[in-house]
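User: Please take a close look at one part for me: the nonpolar interior. Explain each term as you go.

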Amino acid sequence: MSKPSQIVRVRAAPDRAGAEAVESAEAPADCSVRLGRLELPTPIVTASGCFASGREIDRFFDISRLGAVVAKSVTLEPRSGLPTPRMVETERGMLNAIGLQNPGVDAWLADDLPWLVDRGVRPIASIAGSTVREYRQLAEKLRGQPIAAVEANISCPNVEDRGTIFACRPEATAEAIGQVTRLLGVPVFAKLTPDVGDIAEIALAARDAGAAGVSLINTLLGMAIDPETGETVLGGGTGGLSGPAIKPVAVAAIHSVHRADPDLPVIGMGGVRTVEDVVEFVRAGASAVAVGTATFADPAAAFRLVEQLPRWLADRGHARLCDLRGQVSGA
């Protein structure tokens, strides 16, 4: 984490960079995007779990300038998470086994959501359940709340189905997503795991159950073992691999889903650090792009992308980011 003296520099630098971007581009590119009924001024959003609800990061930059803040997943009841250690750095990424530590949906609605609304942020709630009934109960809690959308993290084990991940089967995906979409009047995005045979089949099942779009991809299952002791490095044994190592997997998943249904909005994530990464995800078929693990190395990573993307596009003669969506050849 940056030292306090660095915070001042980070807060000041984006303002100067933004001014330079406006001055250097005669016609700044339009980066606004539509994800069904959800309109965002920029495609850059946060990845759930890497940003909490934004309070800590707001010290570094104005988080209301992001397209949206996808909050950390909440469950019906508070969860303390898995035993430590919970995170380990890998050559090109990070393994984590947090175990959905969170204060519970009621506490999030009472404390974090009002703060986000007062801050002028477009909040996207993220929910995770262990049963279909829990997804329905979470949706009931969120109904009528001032949220822009809901991301249903269905990459969790369904305890009623022998621990099978919801998003590993089309039927379980549709059942869980249907419980949420039937109750909510805001767009619902299904967050899917890449650890399946055909992610497009799962995405279409979510769509048919009423999802406005999908979030691709959740972390990949990984493991690290101490070669000297033979003990697993993470307290939970296995964990989720994120960061640049999984970017090609994310790009392929987005492209696969976009090819199956070009009209289905996709929030892409997985190793995004640079403007080039953002454009690559959009060309694969993403409408919005979430920044996750990069935030741990650079708290202002998402803000830098918000600032740099319009200039990058204008310098290359692109008037609108959305014109590049799905524009890929050779596949």
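Analyst: Start with the charges. The mean positions of the 33 positive charges (Lys and Arg, placed at NZ and CZ) and the 39 negative ones (Asp and Glu, at CG and CD) lie 2 Å apart; His and chain ends are not counted. This is a predicted model, where local features need pLDDT of at least 70, side-chain atom pairs need 80 or more, and totals for chains, interfaces and linings use all residues. Residues are numbered from 1 along each chain, and side-chain values use heavy atoms, without hydrogens or water.

Now the overall frame. The C-alpha trace spans about 60 × 45 × 45 Å along its principal axes. Of the 331 residues, 53% are buried (under 20% relative accessible area, 1.4 Å probe, protein chains only).

Next, the interior itself. In soluble globular proteins, nonpolar side chains tend to be buried together. The largest nonpolar core here (buried Ala, Val, Leu, Ile, Met, Phe, Trp, Tyr and Cys joined through side-chain atoms within 4.5 Å) has 100 residues. Trp108, Leu142, Ile154, Leu192 and Val214 have the most contacts inside it. Helix 9 (a DSSP run of H or I, at least four residues, numbered from the N terminus) covers residues 301–315 and gives this core the most, eight residues.

Zoom in on Leu142. Beyond its neighbours within four places in sequence, Leu142 is in contact (heavy atoms within 4.5 Å) with Val105, Trp108, Leu109, Ala125, Ile127, Ile147, Val150 and Leu184. Across the protein, 71% of contacts between residues at least 6 apart in sequence join residues at least 24 apart.

There is also a second, separate core. That core has five residues, among them Val88, Leu95, Ala97 and Ala224.

Technical notes
Buried means under 20% relative accessible area, exposed over 50%, partly exposed in between (1.4 Å probe, protein chains only). Helices (H or I, at least four residues) and strands (E, at least two) are DSSP runs, numbered from the N terminus.
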